[in-house]
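Work through the exercises below with the structure open. Each task is followed by a solution in steps.

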Amino acid sequence: FHVHQSPSDDSEVPIEDRVATLAAEGIDFAVPTDHNHVTDYAPAIATHHFEDFGTVIGVEVTTWDPNFGHFNAFPYPRDEARPRNGAPAFTGRTPAELFAELHALGPDVLVQVNHPRLEPNIGFFDLTGFDPVTGQATGGPGGMYDGGYDLLEVWNGYDLSRPTFVDRVFQEWLALLENGVRVVGTGNSDSHLVRYYWAGYPRTYVYAPDGARDPATILTALRAGRVFVTSGPFLEVSIAGSLPGDRVVAQGGEVLVDVVVRAPAYIDVAELQVFVGRTLVTTLPIRHAAPVLQPGTVAADEAPPIVRYQGQLRVPVDRDAPLVVRVRSDMPMDDFLGHRAVIPMAFTNPIFVDADGDGLLRWFPAIDAGVPQPAIDAAA
């Protein structure tokens, strides 16, 4: 949901080459997001005869005068008769005006805040002086921050090997969620090159029925938050069958969280964490054999298993809150990713827990308050 090619002024990657790099990395669905230029992957996909590669048309609005950040919009209408294929105006606006204009294009349009803290001087949170913990903004002309976006790029590829930078935005995303803001967390490469900044690292996995890759299915699931983000580990989390983005009801002040963590032999996964709102409530070490960097150098029974953890965690929840799971390790994947100190990490989007069972969750419209929600049997 954030990748560049030659229509961007700062990329020389031909569109056909970009689509090839995405497919080579196992990406099934991608959105072209060039700086103030509307781009379509469909012709390149047809050239490569990729029959199962999903896409929609997109754009990255790179604001200037005033500069308040970079924002992706997709699906976006392409008009070859207009400059830059009909990209929206990127000067002389406020965030509220821009977000409103983008959403006015249609009910399926998603707006993503890119790299909210990335230097130099291009992060939306930095430029507007926004503090997700307090919800207050102090920067920009007239206090320019606006919350009218759908997705937040929690993990950007330029921070791939900077875990402390990623953790800051991750904690701020948790603060937004805890404060009642429903925004989907994503991870994207923001790749402008073929080498070094690889497309697909990190990446966002979207739960789609039967692996469907049609845009309507993918974007509906993305909007709902049926998503996890990773640099390698595969993370599946549910509560009584409910997935990230869903609502569940706690019983007896707790929920039972089912977790499955998978990884290939060369990736280390050392710790599982559960957050309720911003609070880290559970930390579980994952014990296993050391990673195998060279296949065939150890016996199969000495290598770490693909399934690193599978179990059910009893998690206390004393208030209505979003529940997020993260796994990580401090052992970098240097032999796989070119000695760049990229650590294995994955996190889910939240499952929203109704702690008191009143059916009211501030992350959802009040009109939906009466929708039946699954009860969880804490004794199961």
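**Exercise 1. The largest cavity**

How do the residues of the lining of the largest cavity divide into nonpolar, polar and charged?

Solution. The model is a predicted one. Begin with the search of the whole structure, which finds three cavities of 30 Å³ or more. The largest cavity has a volume of about 50 Å³. Next, list its lining: Arg182, Val183, Val184, Ala224, Gly225, Gly245, Asn349, Pro350 and Phe352. Sorted by class, the lining of the largest cavity gives five nonpolar, three polar and one charged residue.

**Exercise 2. The second largest cavity**

Which strand gives the largest share of the lining of the second largest cavity?

Solution. The space in the second largest cavity is about 40 Å³. Around this cavity are His115, Pro116, Arg117, Leu118, Glu153, Val154, Asn156, Asp159 and Val169. Strand β8, residues 151–156, supplies the largest share of the lining, three residues. By class, the lining of the second largest cavity holds four nonpolar, two polar and three charged residues.

**Exercise 3. Two pockets**

Which residues lie nearest the centre of the largest pocket, and which are the closest to the centre of the second largest pocket?

Solution. Take the largest pocket, with a volume of about 480 Å³. Of its 25 lining residues, Ile27, Asp28, Phe29, Thr204 and Tyr205 lie nearest the centre. Two or more lining residues come from each of β1 (29–30), β9 (184–188) and β10 (203–206), and the largest share, four residues, is that of β10. The lining of the largest pocket divides into 14 nonpolar, eight polar and three charged residues.

Then turn to the second largest pocket, which holds about 220 Å³ of space. Its lining has 13 residues, and Leu118, Glu119, Ile122, Tyr158 and Asp190 are the closest to its centre. Here the classes are four nonpolar, four polar and five charged.

**Exercise 4. The nonpolar cores**

Which helix gives the most to the largest nonpolar core?

Solution. The largest nonpolar core has 81 residues, and those with the most contacts inside it are Tyr149, Trp173, Leu272 and Leu323. Helix α5 (residues 163–178) gives the most to this core, with seven residues. Apart from this core lies another, of 10 residues, among them Val3, Ile27, Ala30 and Ile45.

Now examine Trp173. Neighbours within four places in sequence are left aside; the contacts of Trp173 are then Leu152, Val154, Val183, Val184, Gly185, Val324, Phe347, Thr348, Asn349 and Pro350.

**Exercise 5. One side of a helix**

Why are the buried residues of α3 on the same side of α3?

Solution. First identify them: in helix α3 (residues 95–103), Pro95, Leu98, Phe99 and Leu102 are buried. These residues cover an arc of only 95 degrees around the axis, and therefore lie on the same side of α3. An α-helix has 3.6 residues a turn, so residues three or four places apart point the same way. Finally, the cover over the buried residues of α3 includes β3 (59–62), β4 (70–74), β5 (110–113) and α4 (124–128).

**Exercise 6. A residue in β11**

Is Val229 buried or exposed?

Solution. Val229 is found in strand β11, residues 227–230. Its relative accessibility is 0%, so Val229 counts as buried, the cut-off being under 20%. Not counting residues up to four places away in sequence, Val229 touches Trp155, Gly185, Thr186, Gly187, Arg203, Thr204, Met345, Ala346 and Phe347. Val229 and Thr348 are 119 residues apart in sequence, yet 6.4 Å apart in space, C-alpha to C-alpha.

Terms used. Residues numbered from 1 in each chain as written. Predicted model: local features only at pLDDT ≥ 70, side-chain atom pairs only at ≥ 80, totals over all residues. Heavy atoms only, no water. Core = buried A, V, L, I, M, F, W, Y, C linked by side-chain atoms within 4.5 Å. Buried < 20%, exposed > 50% of the residue type's maximum accessible area, 1.4 Å probe, protein only. Contact = heavy atoms within 4.5 Å. Arc of directions from axis to C-beta. 1 Å grid on protein atoms, 1.4 Å probe; cavity = no way out; pocket = protein on both sides within 12 Å on 5 of 7 lines; lining within 4 Å. Points joined across faces, edges and corners; volume = space filled by probe spheres on them. Nonpolar A, V, L, I, M, F, W, Y, C, P; charged D, E, K, R; others polar.
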